[in-house]
Amino acid sequence: MPARDTLPVIVLAGFLGSGKTTVLNSLLHARDGRRIGVIVNDFGDIPIDGWLVDASVDTSITLGGGCLCCVTGAGGVDDMIARLADPALALDAIVIEASGVADPANLARRVSHTRVPRARFAGVVLVIDAVEHLRTLQRHPRLAQDGLVADLIVLNKVDLVASDAADALVRRLRDTSGGAPVVRTEHGRLDPDLLFDAAPPRPRAAGPTLFDALDEGAGAAGMTATGPGDVAAAASSTDTADVASAAGAVDHDHDHDHDHDHDHDHDHDHDHDHDHDQCGPGAGHLHDLYGSVSFQTDTPLSPTRFLALLHEHPQGLYRLKGYVRMVVSRGPGASRHALEVHSVGAHVTFARQHARRGRPSIDDTRLVLIGVDLDRDDLDRRLRACETSAPLPGDRAAMVTVNRYLS
């Protein structure tokens, strides 16, 4: 298959636990013939998200323990894009999954400045957790600004909230984003036609655009893209009934101009309160506030003690993700391999592993815990206390509880 003349690069952003990896896997599983390369930015030393993404080994790149929006200069991002832009891979698009504490505007700016031949910035998709969003805004009000650079907002987990609450969230997101299209999803299921194969780009209109705001008046020398907005144009041009059948209803302001010139009503002149070229300590980014603790062991864990740890919700813990190998391997909820586990706030899910191309199953416990002011020693002690070589009293009954949380 010949390489495309141009290779769109989409930024997939969203706060911790919003469902970015689930959305990405939904796109990768779509049987539409598209070949998608992925760049995954894990927040933590263990690349959990990289393992969870169902991309082929030769079409995926993982950056762990750092933040793509803070890689010095555009070169770091460009190096990754260049690897996937190899014509031999014949990719149709690249999706960059940002970490849950990345600055979408800064990452979009870096991608828009790519010097990789054929590659062009194609927009920002922002994933919102319908359950946690309002509580998250109470802790981090500045996250409301992320919608201002979004070309498409994915309101995920709408099945876990009341319909009137989802309606109110859609209205709020439209207002705070300046009218970006909003698509409601369950389990991250997103119609890929909303993101890919948009109409050919139109000439850029006069006046300020997203690029100008991100550059804060600087020139766009070296940019190969004619302008972002492919995602927005696809979302605006896709028939709502078709979208509803695959991913819920698209809600957007029909008076909102989402052409490829990106000359729409987003207020891109808002103050980010920091220099986009500075991402070190004190720059005011979320990754300065949040920390991660990694835990790995070959010894099985007691489901009774592990569930108790999740229920106790250690101080400062917001997000837990990874794989957990339980000492009980037979019966309800049990598995021969480690179970996937995700915790966001008080919401916990488990899942059995499924085969991933070119990757063996994981048979040990590998966890990343993310939060504010985490006590590393205390978390390690609590997790070590879950280790056991034989089932403890109540462990088999505890696996029935795990079974209820299996997705």
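Two aromatic pairs are present in the structure, which is a predicted model. In one of them, the rings of Phe15 and Tyr290 are placed with their centres 5.8 Å apart and their planes at 75°, so that the pair is classed as edge-to-face. Because Phe15 belongs to the loop between strand 1 and helix 1 whereas Tyr290 belongs to strand 9, this pair ties together parts that are 275 residues apart in sequence. Both Phe15 and Tyr290 are buried. Phe15 also forms an aromatic pair with Tyr318, and this arrangement is tilted, with 5.5 Å from centre to centre and 55° between the planes. Here the partner of the loop residue Phe15 lies in strand 10, so the pair ties together parts that are 303 residues apart in sequence. Tyr318, like Phe15, is buried. Through these ring pairs, Phe15, Tyr290 and Tyr318 are linked into a cluster.

The loop that carries Phe15, between strand 1 and helix 1, also contains Ser18. With a relative accessible area of 2%, Ser18 falls under the 20% limit and is therefore buried. When neighbours within four places in sequence are left aside, the contacts of Ser18 are with Val127, Ile128 and Asp129, and with Asn156 and Lys157.

The strands that bear the two tyrosines, strand 9 for Tyr290 and strand 10 for Tyr318, are both members of an open sheet of five strands, which has the order 9-13-10-11-12 and antiparallel pairing. Strand 9 (290-297) and strand 12 (347-351) occupy the edges of this sheet; each has a single partner strand, so one side of each is left without a neighbour in the sheet. On average, and with direction ignored, neighbouring strands of the sheet are turned by 10° against each other.

Strand 10, which spans residues 317-324, is paired with strand 13, residues 365-372, in the antiparallel sense over six bridges. Within this pairing, Leu317 stands opposite Gly371 of strand 13, and Gly322 has Leu367 of strand 13 as its bridge partner. Strand 10 is also joined to strand 11 by six bridges, again with the two strands running antiparallel, and there the bridge partner of Leu320 is Ser343 in strand 11. Strand 10 is mostly covered, eight of its eight residues being buried.

What packs on the sheet, and which strands are touched? Helix 11, formed by residues 303-312, packs on the sheet and touches strand 10, strand 11 (339-344), strand 12 and strand 13, while the direction of the helix makes about 150° with that of strand 12. Strand 12 also includes Ala351, a residue whose relative accessible area of 13% places it among those counted as buried. Apart from neighbours within four places in sequence, Ala351 is in contact with Leu339, Glu340, Leu406 and Ser407. For one of these partners, Leu406, the C-alpha atom is separated from that of Ala351 by 5.0 Å, although the two residues are 55 residues apart along the chain.

The largest nonpolar core comprises 36 residues, and those with the most contacts inside it are Ile39, Ile81, Ile94, Ile96, Val111, Ile153 and Leu155. Two or more residues are given to this core by each of strand 1 (7-14), helix 3 (75-84), strand 4 (93-97), helix 4, strand 5 (119-129), strand 6 (152-156) and helix 6 (163-177). Of these elements, strand 5 gives the most, with five residues. Ile81 touches Val9, Ile39, Ile94, Val111, Thr114, Val116 and Ala119, residues up to four places away in sequence not being counted. Apart from this core lies another, of 28 residues, which includes Leu309, Leu317, Met326 and Val348.

Helix 4, one of the elements contributing to the largest core, is made up of residues 104-112 and is mostly covered, with nine of its nine residues buried. Its buried residues include the nonpolar Val111 as well as Asn106, Arg109, Arg110 and Ser112. The N-terminal end of helix 4 is capped by Asp103, of which a side-chain oxygen lies 3.1 Å from the backbone nitrogen of Ala105.

Conventions: Residues numbered from 1 in each chain as written. Predicted model: local features only at pLDDT ≥ 70, side-chain atom pairs only at ≥ 80, totals over all residues. Heavy atoms only, no water. Pairing = 2+ DSSP bridges. Helix = DSSP H or I, 4+ residues; strand = E, 2+ residues; numbered from the N terminus. Axes fitted to C-alpha atoms, helices over the stretch in contact; angles between N-to-C directions. Contact = heavy atoms within 4.5 Å. Buried < 20%, exposed > 50% of the residue type's maximum accessible area, 1.4 Å probe, protein only. Polar contact = N/O pair within 3.5 Å; in protein donor to acceptor, adjacent residues only side chain to side chain. Core = buried A, V, L, I, M, F, W, Y, C linked by side-chain atoms within 4.5 Å. Phe/Tyr/Trp six-rings, centres within 6.5 Å; stacked < 30°, edge-to-face > 60°.
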